[in-house]
Amino acid sequence: MTAKSVGFALYFLLMAGVALSAQDADAAKEITFNKDVAPIFYENCVTCHHPNDIAPMSLMTYKEARPWAAAIREAVVQRIMPPWHADPHVGEFMNDARLSDDQIATIVAWVKGGAKEGDPKDLPKAPVFQAGWHINPDIIFTIPETNVAAGNQDDYEYIYVPTNFKEDKWVQAGEVVPGDRRVVHHATVSIVNADEVPKLRQSHADQSKADSPYYYRTGQVNHLRPEVMVLDDGCSVPNGGGLPGQPSGGVNHVPAIYLPGHSPEVRPPGYALRVAAGSYLQFQIHYSNRLSQPVKDRTSVGLVFAKDPVKYEVAQYEIWNNLFLIPPGDGNHRVTSCFVLPKDVTAVAYTAHMHFRGKSMKTEAIYPDGRRELLFDVPKYDFRWQETYFLKHQFLLPKGTTLFTTAYFDNSQNNPLNPDPTKAIRWGEPSTEEMMGFWLAYADVTPVDASAAEAKIAH
Ligand code: HEC
């Protein structure tokens with residue numbers, strides 16, 4: 001070997017060495033599905049993106065996720081996924097679903113680097129889902145098989161299921177699983193006392209006679225009568241926008257609800273709903289069957305009993321404007337509701353409820369001392385994603401606080417979800433009509449054991 005060729009050989013060895021070490025460094029920071037991306041998906045995506053759940057595709061495995069790489073990058077960069085519609089600058093929420101900037105950067109880098117699979121050894125253990133459930137229920141109640149006639153698009157059914165509880169129970173989490181997602185539009189499960197059940201059954205039967213001054217009925221759904229007074233600015237009158245002579249808000253005891261895009265209710269430790277011995281569960285189910293054949297439904301609710309000692313009892317104020325009128329074609333129609341808290345409560349969670357024309361909703365507190373605070377803001381409401389937002393830090397809303405809710409509706413042709421921009425819209429149970437609801441899940445400020453002690457003394 002000549003000196004020259006030794007030089008060349010050295011040169012090549014050196015270059016190979018450089019290339020090798022660069023490759024080593026690349027390998028070290030190479031973003032792979034198994035090491036970097038799967039943990040993000042398992043934590044933030046697969047609760048919906050697993051087989052037979054609400055999302056169109058599974059992201060559980062590399063094989064399943066790989067074809068979606070470009071779409072995934074778009075969805076996370078634009079923060080369309082995971083769905084989250086509360087303004088992150090207003091309030092902090094336990095169930096905040098948003099990815100961190102780092103997580104988004106990791107996904108972007110993964111896609112840019114060719115969406116590699118990586119070493120199977122790096123793959124974390126995949127979460128396991130029980131058919132249909134996202135919680136681990138201690139007990140499941142299922143309605144009797146219910147027939148939903150072909151083409152029956154709007155049918156509100158009230159079905160009562162006894163709990164047969166022999167003692168009071170505390171429910172920390174709950175989830176409604178539709179029997180047949182094709183026809184169950186929404187389902188609210190409420191706790192009712194056994195002795196109220198016959199009265200409630202009678203009132204559903206009476207409603208079907210439709211002799212109410214406010215409502216008329218078609219099939220199994222209610223609509224506001226067109227001649228009822230119009231009031232968009234509920235906050236301009238003392239009752240805040242409720243039906244004449246009635247308050248805008250009422251109390252409900254809802255362990256779980258199914259709405260489009262809704263996750264299970266998981267309450268903070270120490271906060272739970274009381275289900276008194278012997279209670280019934282009322283399933284209010286909105287069926288909408290667009291299929292040409294009848295469907296049999298068996299919807300269920302699963303409940304998780306509180307494992308931690310229960311400190312505070314949870315219930316919900318459901319606050320409405322019932323009297324609005326949204327003119328045809330109006331792209332930005334304002335409606336307000338106001339509700340004055342009749343007692344001190346601790347705020348636990350918020351839900352905004354409108355239908356296809358809902359555009360935005362925000363709720364302010366006006367405290368008894370006149371101070372105003374924005375509590376909750378959903379700047380771009382989307383009917384398909386009706387989440388309950390659980391507060392990270394529960395806080396006192398004193399008696400006399402006004403909850404001032406402002407909603408905007410888009411009844412124009414620019415709203416792609418709008419079923420019909422040529423119609424004037426009032427309150428109605430079908431999704432093609434509207435509702436304007438703000439729900440506050442709250443807890444009693446008096447701890448459960450203190451109120452039990454008080455009750456004993458009162459005895
Ligand atoms: C709460 C349930 C839920 C969560 C959590 C969720 N998704 Fe989705 N995702 C859906 C549903 C339902 C759809 C289909 C409806 C739609 O596109 O609006 C969807 C659609 C998508 C699409 C669009 C598919 C298409 O047709 O182009 C992508 C991409 C996606 N999700 C990725 C993700 C990623 C990545 C995550 C986690 C970072 C995630 N999703 C979290 C429910 C969810």
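Select Cys 235 and Cys 338 to begin: the two form a disulfide, with their sulfur atoms 2.1 Å apart. The model on screen is a predicted one. No second link of this kind needs to be looked for, as the structure holds one disulfide. Such a link is a covalent bond between the sulfur atoms of two cysteines. Turn the view to look along the S-S bond of Cys 235 and Cys 338; the angle about that bond is 95°, and the link is right-handed.

Now colour the chain by secondary structure and see where the two ends sit. Cys 235 is in the loop that runs between strand S7 (221–224) and strand S8 (249–252), while Cys 338 belongs to strand S16 (residues 333–340), so the disulfide ties together parts that are 103 residues apart in sequence. Switch on the surface next. Cys 338 has a relative accessible area of 11% and is buried, under the cut-off of 20%. Cys 235, at 21%, is partly exposed.

Move on to the ligand and select its iron atom. Which protein atoms are donors to the iron atom? They are NE2 of His 49 and SD of Met 81, lying 2.0 to 2.3 Å from the iron. Show all six donor atoms around the iron: the angles they subtend run from 84 to 179°, which makes the arrangement octahedral. Follow the chain away from the two protein donors. His 49 lies in the loop between helix H2 (33–44) and helix H3 (62–65), and Met 81 lies in the loop between helix H4 (69–77) and helix H5 (101–112), so this pair ties together parts that are 32 residues apart in sequence.

Stay with His 49 and Met 81 and compare their surfaces. His 49 counts as buried, at 11% relative accessibility. Met 81 is partly exposed, with a relative accessible area of 28%. Before leaving His 49, find its other polar feature at the ligand: a polar side-chain atom of this residue lies 2.7 Å from a nitrogen atom of the ligand.

Next, widen the selection to the shell around the ligand. It is made up of 20 residues, and the closest are Cys 45, Cys 48, His 49, Pro 56 and Met 81. H2 and H4 are the elements that give two or more residues to this shell. H4 supplies the largest share, four residues. Colour the shell by residue class: 18 are nonpolar, two are polar and none is charged.

Finish with two cysteines of that shell, Cys 45 and Cys 48. Are they buried or partly exposed? Cys 45 is buried, at 13% relative accessible area, whereas Cys 48 is partly exposed, at 25%.

Technical notes
Residues numbered from 1 in each chain as written. Predicted model: local features only at pLDDT ≥ 70, side-chain atom pairs only at ≥ 80, totals over all residues. Heavy atoms only, no water. Donors = N, O, S within 2.8 Å, 3.2 Å for Na, K, Ca; no water. Tetrahedral: all angles 85-135°; square planar, octahedral: opposite > 155°, others 65-115°. Buried < 20%, exposed > 50% of the residue type's maximum accessible area, 1.4 Å probe, protein only. Near = heavy atom within 4 Å. Polar contact = N/O pair within 3.5 Å; in protein donor to acceptor, adjacent residues only side chain to side chain. Nonpolar A, V, L, I, M, F, W, Y, C, P; charged D, E, K, R; others polar. Disulfide = S-S within 2.5 Å.
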